[in-house]
Amino acid sequence: MPSLLRATIAGLKTYKLTVEGFGTYEVPEGKKLVLALEESGVDVSHRCGGNARCTTCRVKFHSEEPPMGKVEHDSLEEDGELGNFRLSCQSRMDRDMHVEVLMRASVEGWDPGIEVEA
Ligand code: FES
């Protein structure tokens with residue numbers, strides 16, 4: 001069942017997620033961005049299972065960015081990557097988003113990684 005139909009049936013608000021090179025998808029409000037990408041058919045990496053440690057779920061925003069929490073900030077700062085990309089496992093759908101996935105599993109030659117909890 002398409003995600004828009006599922007969300008409409010459940011009465012949830014949805015946002016548009018546009019992924020460079022893939023398409024535009026309707027995604028329920030509050031869903032983790034990494035899961036929204038994966039459920040839309042984008043093979044985004046998430047090697048640490050969504051714990052802000054591996055940084056393989058990295059995305060570049062081509063639209064307004066959601067707020068950054070302390071866990072994501074500290075992880076990116078520690079790696080010297082603050083301002084270079086965002087972690088899709090640390091963002092939830094709270095607006096329409098347009099992103100570019102920077103590390104796709106099929107391109108990197110690995111499996112996507114540990115399952116990310118909702
Ligand atoms: S930092 Fe590892 S999945 Fe996001």
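**Exercise 1.** In which helix is the place of V71? Determine also whether V71 counts as buried, partly exposed or exposed.

*Solution.* The model is a predicted one.
Step 1. V71 lies in helix α3, which covers residues 70-78.
Step 2. A residue is buried with 20 or more other C-beta atoms within 10 Å of its own, and exposed with 12 or fewer.
Step 3. V71 has 14 C-beta neighbours inside 10 Å and therefore counts as partly exposed.

**Exercise 2.** Find which residues V71 is in contact with, leaving aside its neighbours within four places in sequence.

*Solution.* Step 1. With those neighbours left aside, the contacts of V71 are A52 and Q90.
Step 2. For Q90, the separation from V71 is 19 residues in sequence, while the C-alpha to C-alpha distance is 8.0 Å.

**Exercise 3.** State in what order the strands of the open sheet stand, and explain why β2 and β4 each have one side without a neighbour in the sheet.

*Solution.* Step 1. The open sheet is formed by 5 strands, in the order β2-β1-β5-β3-β4, with mixed pairing.
Step 2. Strands β2 (23-28) and β4 (86-87) stand at the edges and have a single partner strand each, so one side of each is left without a neighbour in the sheet.

**Exercise 4.** Describe how β1 pairs with β2 and with β5.

*Solution.* Step 1. Strand β1, residues 14-19, pairs with β2 in the antiparallel sense, over 6 bridges.
Step 2. Within this pairing, Y15 stands opposite V27 in β2, and V19 has G23 of β2 as its bridge partner.
Step 3. The two strands form a hairpin with 3 residues between them, and G21 in the turn has a positive phi of about 85°.
Step 4. Strands β1 and β5 run parallel and are joined by 3 bridges. In β5, V99 is the bridge partner of V19.

**Exercise 5.** Identify which residues of β5 belong to its covered face and which to its uncovered face, then describe the pairing of β5 with β3.

*Solution.* Step 1. In a regular strand, side chains alternate between the two faces of the sheet.
Step 2. In strand β5 (residues 97-101), M97, V99 and V101 make up the covered face, whereas H98 and E100 make up the uncovered one.
Step 3. Strand β3 (residues 58-61) pairs with β5 in the antiparallel sense over 3 bridges.
Step 4. The bridge partner of K60 in β5 is E100, a residue of the uncovered face.

Methods:
Residues numbered from 1 in each chain as written. Predicted model: local features only at pLDDT ≥ 70, side-chain atom pairs only at ≥ 80, totals over all residues. Helix = DSSP H or I, 4+ residues; strand = E, 2+ residues; numbered from the N terminus. Contact = placed C-beta atoms within 7 Å. Pairing = 2+ DSSP bridges.
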